[in-house]
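Biologist: I've just opened this one and don't know my way around yet. Could you walk me through it, one question at a time?

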Amino acid sequence: MGRRNIFISTIKNELSAVFGDAGAMLLIVFAILIYTVVYSVAYGREVVTDVVIGVVNEDNTPSSRRLIDGLRSGPNTTVGYNPISTEDAEDMFYNNDIYGVVYIPSGYERSLLDGCQADVAVVLDGSHLLVYRQVLQQAVADILATGANVEVERLVSNNMSAADITSLVQPVVYDGHVMYNPSLGYGSFVMPSILIVIIQQTLFIGLALINVRRRDRDHIILNITLWTSVKITLAKIIVYIIIYGISLTIILGVVWPIFGFPYAGQTLDVVVMMTMYIIAATSLGLSLSHLFRRREAPFLLLLWSSVPILLLAGLSLPKEAFPGWLYAIGELLPSSIAVRAFVEIGTMGASLSDTSSELLRLTLLGAIYLFLAIVVEKYCSVSKKIDN
Amino acid sequence: MSIIVNILSSFKREVHEVIHDRLYLTSLLVMPVLMILFFVVMFYRGTIVSLPIAVVDRSDSVMSRRVITMINATRGVDVAYEVLSMDEAESLMLSGRVSAVLYIDDDFEADIYHGVPTSVECYISGASVSAAGVVESDVQLAVRTFSAGVALNRLQASGLSYNQALLDIMPVNFHTYTLSNPYLNYGYYLAPVFMFMGIVIFTVLMTIYAVGRELHYATAPEWLSSASGMVGAALIGKLLPIAIVMAIFMQLVFFVLFVVMGMDCRGSYMMLTLGSLLLITAYQSVAVFIVALTSNLRLSLSLGGGYAVMAFTFSGITFPTMSMYGFARAFAHLFPLSYFSDLFIDQATRGVGAVRSIWELVALAIFLLLVPIIWRCFKRVVSDKTYFKKD
């Protein structure tokens, strides 16, 4: 194969390396589609609703039943059981039949009618924070609403005017608006990050697999020029931009709408950002691929790191929850920056200029890793086919 | 007796393999330690604190500054930016620098003094559900407390005593009791299952590697002959070193959780240990099943690795299984980690009686049946040369 055609021949070789090897094809072409669908199915319901709770109603009066009606009508909770005693409720709680207990003691209505303070207890399970939050939110909302009604009745009985009552019941209201993911859907929140990490992980493992196979078959170390190395590296990167570009088109064009994940990105912005990310991730993957000598090694050494890499991006778990130096280490990975950039552009609809600081860092990281990949290719390039 | 001798002989051969194969040694002993260390550092703090938010204070009054100070005093929120317009604030949100924007209108103070209901608007980015939850609850609580203070002052001004005013604005007093993980520590909630998932990944991959490499490098006859041709003894001897190492790592995880991170173990430690042993052997059974089915080391590693990684999602710790689609709920039953994470939460966090976790142990034990189910196929694969050296 002639020197002039090295760019085209590398593209052909790389494509045949991916599509001619079942393992590489499974990782680089199908894994991203399979994982995305499976995780979307798991997280597709988005919101935790109808959490079953129990109510111990020792008061058993119209007022206490009104409070229970609120809890029953949800949407976060549903009253599945009315245990007679706290012991019964405890038993159900530990059997996972109920995930929270509202306890209304006897004398609840009496206290309200007498102008005293009535007590209600809510027992929650902190072992699952999403369930905990849903039960707490619903219980607080219903109890506060009941309290507000009683407050109005009391103020009326104190001969206050309607205007005074309005100003006293809630003088300052918390007016909350959730942006970009209004229902706080879990899938909408976590899937963009997962997608970015899958791209990087499949690239790292897949490229290592291909490189080791190439070494096993064509164990001749070539002495190529820097310019040839540049052409080979760029040709390889183009192959992965095309393959992942097609996968991402299917995922964002089909899987995302099916599961209703929010997507507010401008196509061109997403294409630019993803291209920069794939360049950076492929370059790092190509550099790392030379560290492995056996085909099973990338699985054994890299697979476990998927979740740590996801966490290091500082989004699924905010960076305020873990040490700054650990976050700084994570910034060396293209995925950490890309997760945030993709969420901002894809989910929140930010423009390229809004995310300029992330894109700048991604470009810098990509340039460093591209340089590294070119150098590594120059000194570690292995081939029989390229006559140089 | 001969079975024990053969198991021991296969065991010794495997230990020798571990010591002399650098990849085997690193993956079995070094990487799990790195994984545990990572999660300890990641979750040691355990709480989300000081999430940056921006404020657009159009009122710029004593009252608005007071409510902002109250919001800033909460643990989860830090008023990091005070900007002049919503456009500036939106730009901060879009660039990911703040999790929320507070907007206080020009008339905020005047409305309070004139008895006109007013509001504190809070625009929260839903792009991070964990951050949004913290911001929402902290800001809501601060605003509600501020509002109660305003109402209390007004009622006292109208002639009511402090106690009477308090009874009027808070007629129903609710008490919350959090029975498990009362400090709502993210570390106690997430770190255990992340670490178990790590152990599961290494158990599956190492088991597949240990068995699969005998096929890949065509050394299965040598392996079987170390156990005098007894396939069962050879397999037990091979799996035992991995099981022992992983069981020790599980104990290390428990030590890290209960001693280093200060988590309570409210239930039966024995049940946790028994469950961990069954978890490891259950995943080893799955790994043997996969190798027997594919007779290909690399394909087995791909399939086994994918299966092991997915276990975390279907354990229901991040998004509860009960809220998933019906078929996803059914799918979750195919992962031993789902049962073990339930057992761990019940025993360690919730402190239910040991008896209540017996079903989880039985479910884990059922996975061991995969080996007898695939046994004939497995024997054929390790004995027949046509299954060797597959790429």
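Biologist: What does the accessible surface of chain B come to, and what percentage of it belongs to carbon and sulfur atoms?
Modeller: Keep in mind that this is a predicted model, so every value is computed from it. For chain B the accessible surface comes to about 15,400 Å². The part that belongs to carbon and sulfur atoms is 63%.

Biologist: And what area does chain A expose?
Modeller: In chain A, carbon and sulfur atoms supply 63% of the exposed area. The area itself is about 15,300 Å².

Biologist: Is chain B a compact globule or more spread out?
Modeller: For 391 residues the globule rule gives 21 Å. The C-alpha atoms of chain B fill a box of roughly 95 × 45 × 40 Å along the principal axes. Its radius of gyration is 29 Å, well over the value from the rule, so chain B is more spread out.

Biologist: What radius of gyration does chain A have?
Modeller: The C-alpha trace of chain A spans about 95 × 45 × 40 Å along its principal axes. A compact globule of 388 residues would have a radius near 21 Å. Chain A has 29 Å.

Biologist: How many helices and strands are there in chain B?
Modeller: Let's take both chains in turn. Chain A comes to 15 helices and 5 strands. Chain B has 16 helices and 5 strands.

Biologist: What percentage of the residues in chain A is buried?
Modeller: In chain B, buried residues make up 59% of 391. Chain A has 388 residues, and its buried part is 61%.

Biologist: Now the sheets. Which strands stand at the edges of the sheet with the order 5(A)-4(B)-3(B)-1(B)-2(B)?
Modeller: That open sheet has 5 strands with mixed pairing, and it takes strands from chains A and B. An edge strand has a single partner, so one side of it is left without a neighbour in the sheet. Here the edges are strand 5 (172-179) of chain A and strand 2 (77-83) of chain B.

Biologist: Which helix of chain B packs on that sheet?
Modeller: Neighbouring strands there are turned by 25° against each other on average, ignoring direction. The helix touches strand 5 of chain A as well as strands 1, 2, 3 and 4 of chain B. Its direction makes about 165° with that of strand 5 of chain A, and it is helix 6 (residues 129-157).

Biologist: Inside that sheet, which residue stands opposite B:Leu102?
Modeller: Strand 3 (residues 100-104) and strand 4 (residues 118-125) of chain B pair in the antiparallel sense over 4 bridges. The residue opposite B:Leu102 lies in strand 4 of chain B, and it is B:Cys122.

Biologist: What is A:Val173 in contact with, leaving aside its neighbours within four places in sequence?
Modeller: A:Val173 is found in strand 5 of chain A. At 27% relative accessibility it counts as partly exposed. Its contacts are B:Thr118, B:Ser119, B:Val120 and B:Val143.

Biologist: In the sheet with the order 2(A)-1(A)-3(A)-4(A)-5(B), which strands stand at the edges?
Modeller: This is an open sheet of 5 strands, again with mixed pairing. Each edge strand has a single partner, so one side of each lacks a neighbour in the sheet. The edges are strand 2 (77-81) of chain A and strand 5 (172-178) of chain B.

Biologist: What is the bridge partner of A:Leu124 in strand 5 of chain B?
Modeller: Strand 4 (residues 118-124) of chain A and strand 5 of chain B run parallel, joined by 7 bridges. The partner of A:Leu124 is B:Thr178.

Biologist: At roughly what angle do helix 6 and helix 7 of chain A cross?
Modeller: Helix 6 passes helix 7 of chain A in a right-handed crossing. Residues making the contact include A:Ala148 and A:Leu155 of helix 6, and A:Ile165 of helix 7. The axes come within 10 Å and cross at roughly 145°.

Biologist: Last one: is B:Ser295 buried or exposed?
Modeller: B:Ser295 lies in the loop between helix 11 (269-294) and helix 12 (297-314) of chain B. Its phi is near 50°, a positive value in a residue other than glycine. Most residues other than glycine have a negative phi. At 4% relative accessibility, B:Ser295 counts as buried.

How values were computed
Residues are numbered from 1 along each chain as its sequence is written. Chains are lettered from A and ligands numbered from 1 in the order in which they are written. This is a predicted model: local features need pLDDT of at least 70, side-chain atom pairs count only at pLDDT 80 or more; totals for chains, interfaces and linings use all residues. Side-chain values use heavy atoms; hydrogens and water are left out. Two strands pair if DSSP finds at least two bridges between them. Helices (H or I, at least four residues) and strands (E, at least two) are DSSP runs, numbered from the N terminus. Axes are lines fitted to C-alpha atoms, for helices over the stretch in contact, and angles run from 0 to 180 degrees between N-to-C directions. Contact means heavy atoms within 4.5 Å. The radius of gyration is taken over C-alpha atoms; the globule rule is 2.2 Å times the number of residues to the power 0.38. Buried means under 20% relative accessible area, exposed over 50%, partly exposed in between (1.4 Å probe, protein chains only). Accessible areas come from the Shrake-Rupley method with a 1.4 Å probe; for residues, only the protein chains shown count as cover. A crossing is left-handed if the near helix is turned anticlockwise from the far one by less than a right angle, and right-handed if clockwise.
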